[in-house]
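Student: I have a model open and would like to learn how to read it. Could we go through it together, feature by feature?

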Amino acid sequence: MGVAAADFNNDGWVDLYVTNFGHNQMWRNNGDGTFTDVTRESGTDVSGWSCSAAFLDYDRDGWLDLFVGNYVDFRFSDQKKCLAASGAEDYCGPLSFNPLPNRLFRNRRDGTFEDVTASSRIGSEFGGALGVICADFNGDGWVDIYVANDKRPNQLWVNQRDGTFKNDGLVAGCALDQDGIPQSGMGVDAGDVLGRGLEDLAQHFRDIQARTETVAIDLPFIDEFTSPSGDRIFTHHFVLAREHGKDSRERVMGYASIKNGKISLINFVSVPDPPPEGSEKKK
Ligand SMILES: [Ca+2]
Ligand SMILES: [Ca+2]
Ligand SMILES: [Ca+2]
């Protein structure tokens, strides 16, 4: 389903973690053009349905740790019959199945990993992960984890710097859409869009509940919202919204800012549709 590539054992050769429907695989690079399957001996065997994985050094010891995003508990032996609104038989969506908890593994620096899913609290909230991106979203020097879920709330795991994480997705405005409805979170990316030295977040999804198929906006249209605690650690965090039209073009629609506990709509970008085919500009 997916792959994460990084040098987990610090020997200078990039290794691979492959996610599958079934058992995942950790492939150690032998440095001679071949790889060895070290899934079992590394302690990173995850079965079920994994989609995205990411290497990150969440404890800052110089050794890459591993996050594995898991989807839903689907089995071929337990197929359900699902119907579309028209009554016709349809495929079963993600809400037809129980989501699987994600996993976090800490690198022991000896080629093996410790499963810290429970102690890190990563396993406490999950919703059928399809995408994951690791970046320092609050600029404190400790890498955080954003998990995009399919039809269930997303998680923004903020690194607490003590081996644990806290899900701030709801307060950060990236768990749900502006109507409080989960979106179909899929591919995600992070980058410093605004050139301020802080990671911004972009998520690609398609809102199947939208009235038209051309509208898919994941943007908290919340102006001046203060978190209950009022003292969020976020200084700048941005949620990008993209429209995924029938023409498969992606358009960035806008972004919101989180600053000292306030979520503010700081910009809105409107990109006009291209002229219809056959039309020409008048000279
Ligand atoms: Ca390596
Ligand atoms: Ca580490
Ligand atoms: Ca951080």
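Tutor: Happily! Let's start with a cross-strand pair: Tyr146 stands opposite Leu156 in strand 13. Please keep in mind that this is a predicted model.

Student: How many bridges join strand 12 and strand 13, and in which sense do they pair?

Tutor: Strand 12 and strand 13 are antiparallel partners, with three bridges between them. They belong to an open sheet of four strands, in the order 11-12-13-14, with antiparallel pairing.

Student: Which strands stand at the edges of that sheet?

Tutor: Those are strand 11 and strand 14 (165-167). Each has a single partner strand, so one side of each lacks a neighbour in the sheet. From one strand to the next, the twist averages 20 degrees.

Student: Now for the interior. What should I look for in a nonpolar core?

Tutor: The general idea is that nonpolar side chains tend to be buried together in soluble globular proteins. Here the largest nonpolar core has 45 residues, and the members that touch the most others are Leu56, Phe67, Ala129, Val132, Cys134, Ile145 and Tyr146. Elements giving two or more residues to this core include strand 5 (50-56), strand 6 (65-70), strand 9 (103-107) and helix 2 (169-172).

Student: Which strand gives the most to this core?

Tutor: Strand 11 does, with six residues.

Student: Let me zoom in on Val132. Which residues is Val132 in contact with, leaving aside neighbours within four places in sequence?

Tutor: Val132 is in contact with Ser52, Ala54, Phe67, Gly69, Ile145, Tyr146, Val147 and Val188. Tyr146, which we met opposite Leu156, is one of these contacts.

Student: Let's move to strand 3. Which of its side chains are buried, and which are not?

Tutor: Follow the alternation along strand 3 (residues 25-29): Met26 and Arg28 point to one face and are buried, whereas Gln25, Trp27 and Asn29 point to the other face and are not.

Student: What is the bridge partner of Tyr17 in strand 3?

Tutor: Met26 is the partner of Tyr17. Strand 2 (residues 15-19) pairs with strand 3 in the antiparallel sense over three bridges. These two strands form a hairpin with five residues between them, and Gly22 in the turn has a positive phi of about 125 degrees.

Student: And where does strand 4 come in?

Tutor: Strand 4 (residues 35-37) runs antiparallel to strand 3, and three bridges join them. Asn29 stands opposite Phe35 in this pairing. Strand 3 and strand 4 also form a hairpin with five residues between them; in that turn, Gly31 has a positive phi of about 80 degrees.

Student: Those are glycines. How should I read a positive phi elsewhere?

Tutor: Most residues other than glycine have a negative phi. Two arginines are worth a look here. Arg121 has a positive phi near 75 degrees, and Arg161 has a positive phi near 70 degrees.

Student: Where is each of them found?

Tutor: Arg121 lies in the loop between strand 10 (113-115) and strand 11. Arg161 is in the loop between strand 13 and strand 14. Arg121 has 17 C-beta neighbours inside 10 Å, so it counts as partly exposed. Arg161 is partly exposed too, with 13 other C-beta atoms within 10 Å.

Student: Finally, what does the protein chain look like as a whole?

Tutor: The protein chain has two helices and 20 strands. Buried residues make up 38% of its 283 residues. Among contacts between residues at least 6 apart in sequence, 49% join residues at least 24 apart.

Technical notes: Residues numbered from 1 in each chain as written. Chains lettered and ligands numbered in written order. Core = buried A, V, L, I, M, F, W, Y, C linked by C-beta atoms within 7 Å. Buried ≥ 20, exposed ≤ 12 C-beta atoms within 10 Å, placed from the backbone. Contact = placed C-beta atoms within 7 Å. Pairing = 2+ DSSP bridges. Axes fitted to C-alpha atoms, helices over the stretch in contact; angles between N-to-C directions.
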